[in-house]
Amino acid sequence: MTELCGFGRRIRRLIIPVLAIFAGAAALRARTEPAHAAQAAGGSVVLALDPGHGGPLSTSDHLGAQYAPYSEKAMTLELAQRIEKELSVYDNVNVVLLRTADRPLSLAQRAADAQAAGADFLISLHFNASLQHLSYGTEVWTSAFGSNYSAGASFGRAVLEQTAKLGYYDRGVKTRIGSHGDYYGIIRESAARGIPSALIEHCYLDSSADRLSLGGAGDVEALAKADAAAIARYFHLRSSATGEDYTDYVRPAAVPAGAAGIPQDQTPPDVCRLELCGRDAAGQVICRLTARDTDSVYPVLYYFYSVNGVPTALLPFPRNGEAVVFTVSAPPGAEIVAAAVNSYDLVSVSRPVTVR
Ligand SMILES: [Zn+2]
């Protein structure tokens, strides 16, 4: 948590900060995914789709995020049903919906039902919201441990490839460790039953940026198509009805995780430096922000800045680079501050710079 000097308010953690610490790219290596047992035997892969939340109580467990006109528990069920329909054209997949009505269901029961169905993988479907209504984009959570991390992170990358095509910002694949292993219950309960899993937070229901994408009736359908496209590819599905065949799809590199799991980084970006580079021909002040988060699997996600204490929205930080150049309208004497936000919503703030 970081006090934003000059912004007059505190940007809080929007989601709990956990940041995987990696030794760097040298530690990453592609490896062959563990074969799904059923597919390896030439049979169908069994996928459990978990529509998040459900039930009548006015608790977040039951309702999920509620931002009119959006209701998370209804959207997750619609999404699951649409994904099931999209996948019905494929030959070698058996889809199991863990919830088919608006009813409460414990996370342990969902995982137990997936196990009873012989699930090879569990996909939990969710929509996001943030405390301060600033974030936007898609993120995928998975187990921090062993082969469950490898499979979940690789699948998560396949999902993010597809949701990014719809315009949703890629917030990465993340892990969170609690006192009993994986923090998120559906991931922990699945792992306890030997089922790899991924929890997809598709977009922010309270975000004006994501709402632009979610503005029409077809948006859940578009997300269902994106999820189904990722599933079809990742699980090497084929369809005799349509001729589609993803058996040769190369999965995103699977990163191994040791028994200790992916450690959590609870520190904001370690470099956040603002320089003023004069004025352009139109008289705008040219600003250059350098930001780095060296102990992060994911680079800096967003930046924002303020002129005399008035902050911008979160802006996408360049994914392949360590600096962004922007121009602002500011008179001599104005104070400019910039900030960098990492994938766990932790914020580093630059020193204020005064315009000459
Ligand atoms: Zn949810």
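**Notebook: helix packing, sheets and backbone exceptions**

I began with a helix pair and found that the crossing of helix 3 and helix 8 is right-handed. The model is a predicted one, and I read every value below as computed from it.

**Entry 1. Helix 3 against helix 8.** I looked up the geometry of the pair: helix 3 (residues 72-87) and helix 8 (residues 219-234) pack at an angle of about 50°, and their axes are 8 Å apart. Angles of 65 to 115 degrees count as roughly perpendicular and those under 35 as roughly parallel; the two helices are therefore oblique to each other. I then listed the residues that meet. From helix 3 they are Met75, Glu78, Leu79, Arg82, Ile83, Glu86 and Leu87, and from helix 8 they are Val220, Glu221, Leu223, Ala224, Lys225, Asp227, Ala228 and Ile231. Sorted by class, this contact holds nine nonpolar and six charged residues, with no polar ones. I noted a general point beside the list: an α-helix has 3.6 residues a turn, so residues three or four places apart point the same way.

**Entry 2. The six-stranded sheet.** I next traced what helix 3 lies across, and noted strand 3 (45-51), strand 6 and strand 7 (121-128). Relative to strand 7, helix 3 runs at about 135°. These strands belong to an open sheet of six, ordered 6-3-7-12-8-9, with mixed pairing. Strand 6 (93-97) and strand 9 (170-174) each have a single partner strand, so one side of each is left without a neighbour in the sheet. I recorded an average turn of 20° between neighbouring strands of this sheet, with direction ignored. Within the sheet I checked one pair: strand 8 (residues 138-142) and strand 12 (residues 197-204) are antiparallel and share four bridges. Val140 has Ile200 of strand 12 as its bridge partner.

**Entry 3. The three-stranded sheet.** I found an open sheet of three strands in the order 13-14-18, paired antiparallel. At its edges stand strand 13 and strand 18 (323-328), each with a single partner strand, so one side of each lacks a neighbour in the sheet. The twist from one strand to the next averages 20°. Strand 13 (residues 271-279) and strand 14 (residues 285-292) are joined by seven bridges. I located two facing positions: Cys272 has Ala291 of strand 14 as its bridge partner, and Arg279 stands opposite Val285 in strand 14. The two strands make a hairpin with five residues between them, and in the turn Gly283 has a positive phi of about 90°.

**Entry 4. Asp210.** Is Asp210 buried or exposed? I counted 23 other C-beta atoms within 10 Å of Asp210, which makes this residue buried, since 20 or more is the cut-off. Asp210 is found in helix 7 (residues 208-213). With neighbours within four places in sequence left aside, Asp210 is in contact with Tyr136, Tyr168, Cys203 and Tyr204. I also looked up Tyr169, which is 41 residues from Asp210 along the chain; the C-alpha atoms of the two are separated by 8.8 Å.

**Entry 5. Helix 6.** I examined helix 6 (residues 185-192) for burial: six of its eight residues are buried, so this helix is largely enclosed by the rest of the structure. The buried residues are Ile186, Ile187, Arg188, Glu189, Ser190 and Ala191. Gly194 follows helix 6 and has a positive phi, near 75°.

**Entry 6. Backbone exceptions.** Most residues other than glycine have a negative phi, and most peptide bonds are trans. I therefore looked for departures from both. The peptide bond from Ala68 to Pro69 is cis, with omega near 5°; Pro69 is found in the loop between strand 4 (66-67) and strand 5 (70-71). His236, not a glycine, has a positive phi of about 55°. His236 lies in the loop between helix 8 and strand 13 and counts as partly exposed, with 18 C-beta neighbours inside 10 Å. Asn308, also not a glycine, has a positive phi of about 50°. Asn308 is found in the loop between strand 15 (302-307) and strand 16 (310-311), and with 13 other C-beta atoms within 10 Å it is partly exposed.

**Entry 7. The chain overall.** I closed with totals: the chain has eight helices and 21 strands, and 44% of its 356 residues count as buried. Among contacts between residues at least 6 apart in sequence, 72% join residues at least 24 apart.

Notes
Residues are numbered from 1 along each chain as its sequence is written. This is a predicted model: local features need pLDDT of at least 70, side-chain atom pairs count only at pLDDT 80 or more; totals for chains, interfaces and linings use all residues. Two strands pair if DSSP finds at least two bridges between them. Axes are lines fitted to C-alpha atoms, for helices over the stretch in contact, and angles run from 0 to 180 degrees between N-to-C directions. Two residues are in contact if their C-beta atoms, placed from the backbone, lie within 7 Å. Angles under 35 degrees count as roughly parallel, over 145 as roughly antiparallel, 65 to 115 as roughly perpendicular and the rest as oblique. A crossing is left-handed if the near helix is turned anticlockwise from the far one by less than a right angle, and right-handed if clockwise. Ala, Val, Leu, Ile, Met, Phe, Trp, Tyr, Cys and Pro count as nonpolar, Asp, Glu, Lys and Arg as charged, and the others, Gly among them, as polar. A residue is buried if 20 or more other C-beta atoms lie within 10 Å of its own, exposed if 12 or fewer, and partly exposed in between; C-beta atoms are placed from the backbone.
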